[in-house]
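Please open the model in your viewer and keep the sequence panel beside it, since this tour moves from one selection to the next.

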Amino acid sequence: MPGTCVVGLQWGDEAKGKIVDLLTRPGHIVVRYQGGANAGHTVVVQGQTYKLSLVPSGILRPGVECVITGGVVVDPGILLQEIRELQTRGVEVQGRLRVSDRAHVIFPWHVEEDRIFGQRASEEGEAIGTTLRGIGPCYRDKVGRYFAVRMGDLLRPGVEERILRIAEEKNRALQARDPSFQPLDGQAIAQQYRQWAEQLRPFVSDTTEFLLSALEQGRQVLFEGAQGSLLDVDHGTFPFVTSSNSSALGVCAGAGVPGKFITQIIGVAKAYTTRVGGGPFPTEQNNPIGEHLRERGREYGTVTRRPRRCGWFDAVAVRYAARVSGVDVLALTLLDVLSGLPEVKICTGYRIGGELTNSFPSHAEDLARAEPVYETLPGWQQPIDHIRQVEHLPREARAYVDRIGELIERPVEVISVGPDRSQTMFLHASQKQSA
Ligand code: IMP
């Protein structure tokens with residue numbers, strides 16, 4: 001009972017934040033276990049829109065505690081800005097947000113590295129198209145260890161000297177890579193980070209200990225995935241991925257919680273597919289269908305404002321993601337966006353080099369060669385964003401949802417038809433009661 005994970009089954013932006021928000025009750029703990037400020041969660045509460053990138057969306061529910069664990073990479077400036085904005089809007093944060101002392105810190109050189117390496121990659125071929133938040137470079141320094149600083153280190157004496165030393169090394173390396181690079185002011189960075197650390201001190205603690213005790217006592221913990229399973233560094237469409245384990249596999253290492261505590265995994269998928277940045281996307285529609293999805297779905301990045309690439313639902317990719325993430329039930333979001341299309345398509349297989357397959361290739365080049373095989377279903381014309389009961393959905397929309405459940409081999413338990421909390425349908429009594 002204690003641990004539930006909500007994870008994206010596509011390339012991110014599946015509206016996980018809304019699902020987490022709906023499942024959260026007073027007394028629960030909501031946990032971010034990977035990623036950083038590359039994520040953007042939009043939650044609409046009573047007509048007010050909140051955009052969060054580091055603070056878990058559970059903060060918007062009174063009586064809920066939130067945790068940013070050691071698996072997350074933290075940009076202290078962005079975190080403080082988010083905390084202040086929430087406080088300005090009357091949300092209580094102090095005493096409800098914990099940040100791990102094990103979380104690695106993002107510095108300005110990480111952002112510069114993201115930019116400079118990304119530029120080079122796009123000159124040489126297809127770029128990953130990162131969010132430029134320094135996520136990949138910070139994770140690289142974490143694994144490399146020599147240039148890593150954790151939140152706990154920032155609060156200890158002597159950290160300024162360490163930051164200065166790292167800044168010198170980074171300046172040298174970045175100038176060698178890009179002669180136009182303007183060296184960063186290590187002294188100013190050290191001072192700024194020490195100041196931020198002091199402001200964050202009341203929030204920083206050993207969150208592994210806190211979570212283990214909470215789970216051992218039987219408290220309900222919700223693990224909120226950022227990005228989506230197909231962006232997982234090990235199991236996604238490498239190298240067009242993020243630098244963390246963004247599938248449900250990341251929960252244990254990221255949060256410091258053994259798998260036995262994770263008792264339910266909810267996979268969130270859009271009723272179609274989107275992707276931001278580079279990488280293969282077999283069902284992409286560079287045509288009026290794609291434009292319909294982008295405009296109706298307001299498919300522009302929360303963090304970067306980039307227009308998202310849009311296409312049909314890919315059941316091969318989502319089924320793979322659901323298996324890797326160990327998903328029990330599905331939440332299907334943005335179903336309302338499909339209203340008005342004459343027909344809707346689901347990709348049920350790939351043709352790769354003349355061979356038909358329904359397994360998801362492990363190499364991005366094979367996925368790039370995949371031609372989608374579609375099943376076509378009738379569309380529905382009427383808007384559905386006002387519908388609150390599944391029985392009231394148009395027959396065609398029901399058939400579409402049912403087919404997705406069949407193809408993914410998991411029951412669809414939640415359908416979302418708009419950003420507001422109220423625009424949600426629960427298909428089974430168990431979810432209805434707990435929501
Ligand atoms: P990074 O996470 O900034 O390194 O970016 C790596 C890839 O993941 C790029 O294709 C990004 O567009 C994508 N990405 C990162 N975070 C998100 C997200 O929250 N939603 C969708 N795509 C994301």
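Two strands are taken to pair if DSSP finds at least two bridges between them. The model is a predicted one, and the hairpin of strands E3 and E4 is where the tour begins.

Select residues 41-45, which form strand E3, and you will find it mostly covered, with four of its five residues buried. Add residues 48-52, strand E4, which pairs with E3 in the antiparallel sense over five bridges. Within this pairing, Val44 of the hairpin stands opposite Thr49 in E4. Two residues lie between the strands, and Gln46 takes a positive phi near 45°.

Stay with E4 and show the side chain of Tyr50, because a charge counts as sitting over a ring when, among other conditions, it is within 6 Å of the ring centre. The charged end of Arg89 sits over the ring of Tyr50, 4.1 Å from its centre. Next select Phe117, where Arg140 lies over the face of the ring at 5.9 Å from the ring centre.

Now turn to the aromatic pairs, of which a search of the whole structure finds seven. The rings of Trp11 and Phe281 have their centres 5.5 Å apart and their planes at 50°, so this pair is tilted. Trp11 lies in the loop between strand E1 and helix H1, and Phe281 in the loop between strand E12 and helix H10, so the pair ties together parts that are 270 residues apart in sequence. Both Trp11 and Phe281 are buried.

Finally, select Phe107 and Trp109, whose ring centres are 4.6 Å apart with planes at 10°, so the pair is stacked. Phe107 and Trp109 are both buried, and ring pairs link them with Tyr193 and Trp196 into a cluster.

Notes:
Residues are numbered from 1 along each chain as its sequence is written. This is a predicted model: local features need pLDDT of at least 70, side-chain atom pairs count only at pLDDT 80 or more; totals for chains, interfaces and linings use all residues. Side-chain values use heavy atoms; hydrogens and water are left out. Rings of Phe, Tyr and Trp (its six-membered ring) pair if their centres lie within 6.5 Å; planes under 30 degrees apart count as stacked, over 60 as edge-to-face and the rest as tilted. Buried means under 20% relative accessible area, exposed over 50%, partly exposed in between (1.4 Å probe, protein chains only). A charge sits over a ring if NZ of Lys or CZ of Arg is within 6 Å of the ring centre and within 35 degrees of the ring normal.
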